Amino acid sequence: MTSCHVAEDPIKKVAIFGGTHGNELTGVFLVKHWLENSTEIQRTGLEVKPFITNPRAVKKCTRYIDCDLNRVFDPENLGKKKSEDLPYEVRKAQEINHLFGPKDSEDSYDIIFDLHNTTSNMGCTLILEDSRNDFLIQMFHYIKTSLAPLACYVYLIEHPSLKYATTRSIAKYPVGIEVGPQPQGVLRADILDQMRKMIKHALDFIHNFNEGKEFPPCAIEVYKIMEKVDYPRNESGEIAAIIHPKLQDQDWKPLHPEDPVFLTLDGKTISLGGDQTVYPVFVNEAAYYEKKEAFAKTTKLTLNAKAWSTGQFPGSSESTGAAADCKAASSTHLSLTQPIRDTRAKILPTQVSWCTEQPRAEKWARSGLHGPCSLVCF
């Protein structure tokens, strides 16, 4: 996608959330430290607020008390009448929305970094919710470059039927940070150091942006969710096969149709199947057993952003390879349909349709970024 936008105001308000899941301890540990001594996260002209999002779950070192806090920031839950009868996490979501939102408003925080751990071998991962968000594409490129040679992956969770309603989604620019592997309820020094560096580089980028630094054209590789895969199950609904040893710890690696993914207790191998190579993520994640997710399939894409400087956001382009050429065409209208599915749901088409003569998506309007959009390339 290629577009042009103007950023009218600098970034002013940033929050760093830890403890959205109370047994993911790196974010909890860092946020508690920054609440006592915030020197390393402060930047000139920027308000940075560390915050423990789910204190009861943190105290009990459990993922949540009543329900997953990272899935209840939808209009229905946020709009419910306040009551002690509501699940604890829904009440917390309403409180957080009041403090850092309201969601979808001009008053919401500019950026929220939500810190997570995974038991999967995903290394440093940045989670992007909107492929058209040029500001975050530039930020993620800066973080990835700053971390090199340490790998940093970008997980794009745009999907027509999978609506996450994440804790961070109340911000204009939501950023998920996921670092692993780390067991639940455990702290690892190497994982903590990696997450700490990711936050440092992100805040440095914001500072540079506010100071008017010019940024050259960039491209980032992203892994876009296709579908979630459940474990094979018997007639009673119990797990009948486990992750195959050749898939274990192979997050982000190519997975071909003939490759093994599951192994039954009687030694039978179950292959991926299908007709395309995919890239698995959240392989054998402990927290996702209850969600019936063995791993997620992704496809690899490239997002591009042109050079920009103070007050100007050139757009981004999405393609199936870095060499793909996506050029803006005046008054061009492009409509794409691509089937993406969840194994637990029917096949649903992804509809992408817009015109260069029309303003950008509503989210850009809310964040003060305005301008035409042109092409999307896959």
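1. At what angle do the axes of helix H5 and H6 cross, and within what distance do they come? In this predicted model, the two axes cross at roughly 130° and come within 9 Å. That angle is why H5 counts as oblique to H6. As for handedness, H5 passes H6 in a right-handed crossing.

2. If you want to look at that contact on screen, H5 (residues 134-147) brings Phe-135, Gln-138, Met-139, Tyr-142, Ile-143, Ser-146 and Leu-147 to it. From H6 (residues 189-210), the list includes Met-198, His-201, Ala-202, Phe-205, Ile-206 and Phe-209, along with Lys-197, Asp-204 and Asn-208.

3. Now the core. The largest nonpolar one has 50 residues, and Ile-111, Phe-113, Met-139, Ile-177 and Ile-206 are those with the most contacts inside it. Helix H6 provides the largest share of this core, 10 residues. Apart from it lies another core, this one of 17 residues, with Ala-15, Phe-51, Phe-73 and Tyr-109 among them.

4. Met-139 is worth a click. Leaving out residues up to four places away in sequence, Met-139 touches Ala-202, Phe-205 and Ile-206, and also Ile-111, Phe-113 and Val-175. Met-139 is also one of the H5 residues in the contact with H6.

5. On the chain as a whole: there are seven helices and 18 strands. Of its 378 residues, 54% count as buried. Take contacts between residues at least 6 apart in sequence: 73% of them join residues at least 24 apart. The chain exposes about 16,600 Å², with carbon and sulfur atoms supplying 51% of that.

Conventions: Residues numbered from 1 in each chain as written. Predicted model: local features only at pLDDT ≥ 70, side-chain atom pairs only at ≥ 80, totals over all residues. Heavy atoms only, no water. Core = buried A, V, L, I, M, F, W, Y, C linked by side-chain atoms within 4.5 Å. Buried < 20%, exposed > 50% of the residue type's maximum accessible area, 1.4 Å probe, protein only. Helix = DSSP H or I, 4+ residues; strand = E, 2+ residues; numbered from the N terminus. Contact = heavy atoms within 4.5 Å. Areas by Shrake-Rupley, 256 points an atom, 1.4 Å probe, with all protein chains shown as cover. Axes fitted to C-alpha atoms, helices over the stretch in contact; angles between N-to-C directions. Parallel < 35°, antiparallel > 145°, perpendicular 65-115°, else oblique. Left-handed = near helix turned anticlockwise from the far one by under 90°.
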